[in-house]
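User: I have a model open and some labels attached to it. I would like to know what each label rests on.

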Amino acid sequence: MTEAAATAEALPVSPAAVAPEHDLFAKFDALIAEREALMATGVRDPFAIVMDEVKSPTQAIIKGKETILLGTYNYMGMTFDPDVIAAGKAALDTFGAGTTGSRVLNGTYSPHKDCEDALKEFYGTDHAMVFSTGYQANLGIISTIAGKGEYIILDADSHASIYDGCALGNAEIVRFRHNSVEDLDKRLGRLPKEPGKLVVLEGVYSMLGDIAPLPEMVAVAKKHGAMVLVDEAHGMGFFGPNGRGVYEEQGVADDVDFVVGTFSKSVGTVGGFCVSNHPKFDVMRLVCRPYVFTASLPPSVVATAATSIRKLMHAGEKRAHLWRNSKRLHGGLKDMGYTLGTDTPQSAIIAVILKDQTQAVALWQSLLEGGLYVNMARPPATPAGTYLLRCSLCAEHSAEQVETILTMFQTAGHAVGALA
């Protein structure tokens with residue numbers, strides 16, 4: 001080989017030299033073009049916000065501006081709780097920054113077991129299993145429980161982590177229409193009786209903030225011999241007398257086989273979990289790949305989670321205040337003329353539906369410039385053709401802040417033509 005040929009062989013190939021038929025990114029061209037066209041209008045990128053400073057569960061500095069946070073999932077405001085922070089600092093000093101290992105090898109420290117004990121206390125269950133994220137909890141539990149020759153039946157509007165859990169496993173997948181008890185019954189009735197079946201539901205659906213009719217759905221599932229998993233990521237903390245979730249609020253705790261949740265919402269940190277009373281549940285620690293083959297959470301993180309979970313057991317007044325916030329914000333936005341995701345306030349999530357992406361981004365930016373951060377959501381995260389601003393309230397929002405938020409929505413709505 002000549003020196004020139006060797007040099008040419010060593011040089012990286014420029015993107016232009018890649019034939020289109022070999023470009024693995026070609027499938028994203030339409031999305032790239034759509035985003036570039038949107039950015040060319042001069043708007044800020046709704047998916048690239050940087051928090052320069054977070055001052056409390058409800059306030060931050062974004063590009064030098066004081067901003068009210070209304071899009072953080074910090075439902076119970078636990079991120080700045082003094083006891084939670086102190087527990088994390090103590091564990092960091094005692095156990096170091098991380099475990100560098102899987103839970104089944106060197107990655108289980110006493111704070112991990114304490115966190116699982118706190119979950120068992122909170123949920124009143126025999127078993128609890130902590131994952132490194134809520135996403136991994138769904139990925140691992142769903143893909144492991146239902147295998148080849150078995151069935152998973154899920155709501156069409158299920159979270160991406162649920163769909164990905166289905167994709168990772170080998171079970172047959174059956175979808176039913178969102179929150180339709182009738183369609184769930186019909187689809188279960190068409191399946192053979194012998195194979196095992198898992199019905200996957202969510203207490204609160206995160207885009208529109210609507211809740212599932214769990215008593216009817218669980219009854220249908222049991223009628224057909226199916227086990228039931230409920231994802232309470234957005235219900236934990238403020239639904240039910242003990243804050244366990246919608247399944248507790250609606251009185252079906254004894255009939256739900258598995259509850260999956262996350263620490264990144266009401267608990268105020270990061271991580272995921274599954275709790276269950278199934279007598280064989282602990283075998284999951286040996287067979288669940290997203291648990292076995294990933295590093296465990298740092299001890300400081302699970303220490304904050306355990307402290308937060310135990311405090312949430314006695315957070316009745318915070319729950320009541322959050323519900324007052326939800327009712328006031330929902331009612332105020334509805335009275336202004338906004339189209340909302342639910343007719344009545346059903347959760348701490350309130351979705352403002354806009355006519356298209358242009359209007360959604362314009363309202364989002366106007367609110368941000370006025371000092372309010374909310375989430376903008378679009379397909380595929382939302383149902384096809386739906387563009388919305390998602391507000392997630394916090395128990396630490398004051399009544400005065402909620403009134404300020406309503407004023408901001410009114411001003412921004414008129415400014416961009418979202419309100420008449």
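The questions and answers below go through the labels one at a time.

Analyst: Note at the outset that this is a predicted model.

User: Why is Phe 25 called exposed?

Analyst: The relative accessible area of Phe 25 is 55%. The label exposed is given over 50%, so Phe 25 qualifies. Phe 25 is placed in the loop between α1 (3–10) and α2 (29–39).

User: What makes Leu 24, Phe 25, Phe 28 and Ile 32 a patch?

Analyst: These four residues form a nonpolar patch on the surface, and together they have about 430 Å² of accessible area. A patch takes residues with over 30% relative accessible area and no salt bridge, and nonpolar side chains are joined within 5 Å. For Phe 25, the value of 55% is on the right side of that cut-off.

User: How do you know that Glu 34 and Arg 378 form a salt bridge?

Analyst: The closest N and O atoms of Glu 34 and Arg 378 are 2.5 Å apart. The rule asks for a side-chain nitrogen of Lys or Arg within 4 Å of a carboxyl oxygen of Asp or Glu, so the pair counts as a salt bridge. The pair links distant parts of the chain, 344 residues apart: Glu 34 belongs to helix α2, and Arg 378 to the loop between β14 (375–377) and β15 (387–392).

User: Which label, buried or partly exposed, goes to Glu 34, and which to Arg 378?

Analyst: Arg 378 has a relative accessible area of 18%. Buried means under 20%, so Arg 378 is buried. Glu 34 has 30% and therefore counts as partly exposed.

User: What makes Lys 311 and Asp 81 a salt bridge?

Analyst: Their side chains meet at 2.9 Å, N to O, and the cut-off is 4 Å. Lys 311 is in helix α12 (residues 299–312) and Asp 81 in the loop between β3 (65–69) and α3 (82–95), so the salt bridge ties together parts 230 residues apart in sequence. Lys 311, at 31%, is partly exposed, whereas Asp 81, at 11%, is buried.

User: Why are Glu 403 and Arg 328 both called partly exposed?

Analyst: Glu 403 has a relative accessible area of 35% and Arg 328 has 37%. Partly exposed covers the range between under 20% and over 50%, so both residues get that label. Glu 403 is part of helix α15 (residues 399–416) and Arg 328 of helix α13 (residues 316–336), so this pair ties together parts 75 residues apart in sequence. Their side chains meet in a salt bridge at 2.6 Å, N to O.

User: How many salt bridges does the rule give, and which residues are joined into one network?

Analyst: The count comes to 21 salt bridges. Arg 103, Lys 113, Glu 116, Asp 282 and Arg 285 are joined into one network by salt bridges that share partners.

User: What makes β4 and β6 edge strands?

Analyst: Seven strands form an open sheet in the order β4-β10-β9-β8-β7-β5-β6, with mixed pairing. The strands β4 (127–131) and β6 (172–176) each pair on one side only, and that makes them the edges. On average, neighbouring strands of this sheet are turned by 20 degrees against each other, direction ignored.

User: How do you know that β8 and β9 pair?

Analyst: Three bridges join β8 (residues 227–231) to β9 (residues 258–262), and the two strands run parallel. Pairing needs at least two bridges, so the strands pair. Leu 229 stands opposite Phe 258 in β9.

User: What is unusual about the phi of Lys 63?

Analyst: Most residues other than glycine have a negative phi. Lys 63 is not a glycine, and its phi is positive, about 50 degrees. Lys 63 sits in the loop between β2 (59–62) and β3. With a relative accessible area of 65%, Lys 63 is exposed. Tyr 73, in the loop between β3 and α3, also has a positive phi, about 65 degrees, without being a glycine.

User: Why is Ala 60 called buried?

Analyst: Ala 60, in strand β2, has 0% relative accessibility and therefore counts as buried. Beyond its neighbours within four places in sequence, Ala 60 is in contact with residues including Met 51, Val 54, Thr 67 and Leu 69.

Definitions and conventions: Residues numbered from 1 in each chain as written. Predicted model: local features only at pLDDT ≥ 70, side-chain atom pairs only at ≥ 80, totals over all residues. Heavy atoms only, no water. Helix = DSSP H or I, 4+ residues; strand = E, 2+ residues; numbered from the N terminus. Axes fitted to C-alpha atoms, helices over the stretch in contact; angles between N-to-C directions. Patch = residues over 30% accessible without salt bridge, like charges linked within 9 Å, V, L, I, M, F, W, Y side chains within 5 Å. Areas by Shrake-Rupley, 256 points an atom, 1.4 Å probe, with all protein chains shown as cover. Buried < 20%, exposed > 50% of the residue type's maximum accessible area, 1.4 Å probe, protein only. Contact = heavy atoms within 4.5 Å.
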